[in-house]
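Q: Please take one part of this model and examine it closely, then follow its links outward to the rest of the chain. I would like the criteria behind each term stated as you go.

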Amino acid sequence: DSFTSTMSVPDTPAAKASVLYFFPGLQNIDWIPKVDPEPDRSTPFDIIQPVLQYPGTGLASGWELKSWYVTVNSGALYSTGLSVKEGDNILCNMTRTGDESWVIRGTL
């Protein structure tokens, strides 16, 4: 199983943003934060996603690309960020590699 999409890095925001996140993602249940009841151990929530973030973390003041795995019940894991610039085209890929394993990747 595989899901791919493309994203183009937008212009730097005109007004300073706290944090912006853009991403395609796959989640295991139909859940919308602030609308649906909070998931619990009997109905866990997971999402995998390549994420475009502004501003980046640490010294990265522009756009940054990371791969994320997020679960409401156990927190989040994410990759080291890759600096990207306005106009870059990103190929996003989420591919199943086993019963419970995935590759989550964004590449220029």
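A: A suitable starting point is the end of a strand pairing, where Gly98 has Ser101 of strand 9 as its bridge partner. The model is a predicted one, in which local features require a pLDDT of at least 70 and side-chain atom pairs count only at pLDDT 80 or more, whereas totals for chains, interfaces and linings use all residues. Residues are numbered from 1 along each chain as its sequence is written, and side-chain values use heavy atoms, with hydrogens and water left out.

Strands here are DSSP runs of E with at least two residues, numbered from the N terminus, and two of them are said to pair if DSSP finds at least two bridges between them. Strand 8, which covers residues 89–98, and strand 9 pair in the antiparallel sense over seven bridges, and together they form a hairpin with two residues between them. A further bridge joins Arg96 to its partner Trp102 in strand 9.

The hairpin belongs to an open sheet of three strands, whose order is 1-8-9 and whose pairing is antiparallel. Strand 1 (2–8) and strand 9 (101–107) stand at the edges with a single partner strand each, so one side of each has no neighbour in the sheet. Neighbouring strands of this sheet are turned by 15 degrees against each other on average, direction ignored, where the axes are lines fitted to C-alpha atoms and angles between N-to-C directions run from 0 to 180 degrees.

Within strand 9, Arg105 deserves a separate look. With a relative accessible area of 44%, Arg105 is partly exposed, on a scale where buried means under 20%, exposed means over 50% and partly exposed lies in between (1.4 Å probe, protein chains only). Not counting residues up to four places away in sequence, Arg105 touches Pro50, Ser67, Leu91, Cys92 and Asn93, a contact being heavy atoms within 4.5 Å.

Cys92 gives the view from the other side of that contact: leaving aside neighbours within four places in sequence, Cys92 is in contact with Phe3, Thr4, Ser5, Met7, Pro24, Pro50, Arg105 and Gly106. Cys92 is also a member of the largest nonpolar core, whose nine residues are Met7, Val9, Leu52, Tyr54, Trp63, Leu65, Val84, Ile90 and Cys92. Such a core is a set of buried Ala, Val, Leu, Ile, Met, Phe, Trp, Tyr and Cys residues joined through side-chain atoms within 4.5 Å. The elements that give two or more residues to this core are strand 4 (46–54) and strand 8.

Arg96 leads to the charged pairs. A salt bridge is taken as a side-chain nitrogen of Lys or Arg within 4 Å of a carboxyl oxygen of Asp or Glu, and a search of the whole structure finds three. In one of them the side chains of Asp1 and Arg96 meet, at 3.0 Å from N to O; this pair links distant parts of the chain, with Asp1 in the segment before strand 1 and Arg96 in strand 8, 95 residues apart. Asp1 counts as exposed at 63% relative accessibility, while Arg96 counts as partly exposed at 36%. Lys66 forms a salt bridge with Glu64, their closest N and O atoms lying 3.8 Å apart; Lys66 is buried at 6%, and Glu64 counts as buried at 5%. Lys85 forms a salt bridge with Asp88, with 3.5 Å between the closest N and O atoms; here Lys85 counts as exposed at 55%, whereas Asp88 is buried at 14%.

Returning to Arg105, Tyr21 is 84 residues from Arg105 in sequence and 16 Å away in space, C-alpha to C-alpha. The structure holds five aromatic pairs, defined by ring centres of Phe, Tyr and Trp (its six-membered ring) within 6.5 Å, with planes under 30 degrees apart called stacked, over 60 edge-to-face and the rest tilted. The rings of Tyr21 and Trp68 have centres 6.4 Å apart and planes at 80 degrees, so this pair is edge-to-face. Tyr21 lies in strand 2 (residues 20–22) and Trp68 in strand 5 (residues 64–71), so the pair ties together parts that are 47 residues apart in sequence. Tyr21 counts as partly exposed at 44% relative accessibility, whereas Trp68 counts as buried at 14%, and Tyr21, Trp68 and Tyr78 form one aromatic cluster.

Conventions
Helices (H or I, at least four residues) and strands (E, at least two) are DSSP runs, numbered from the N terminus.
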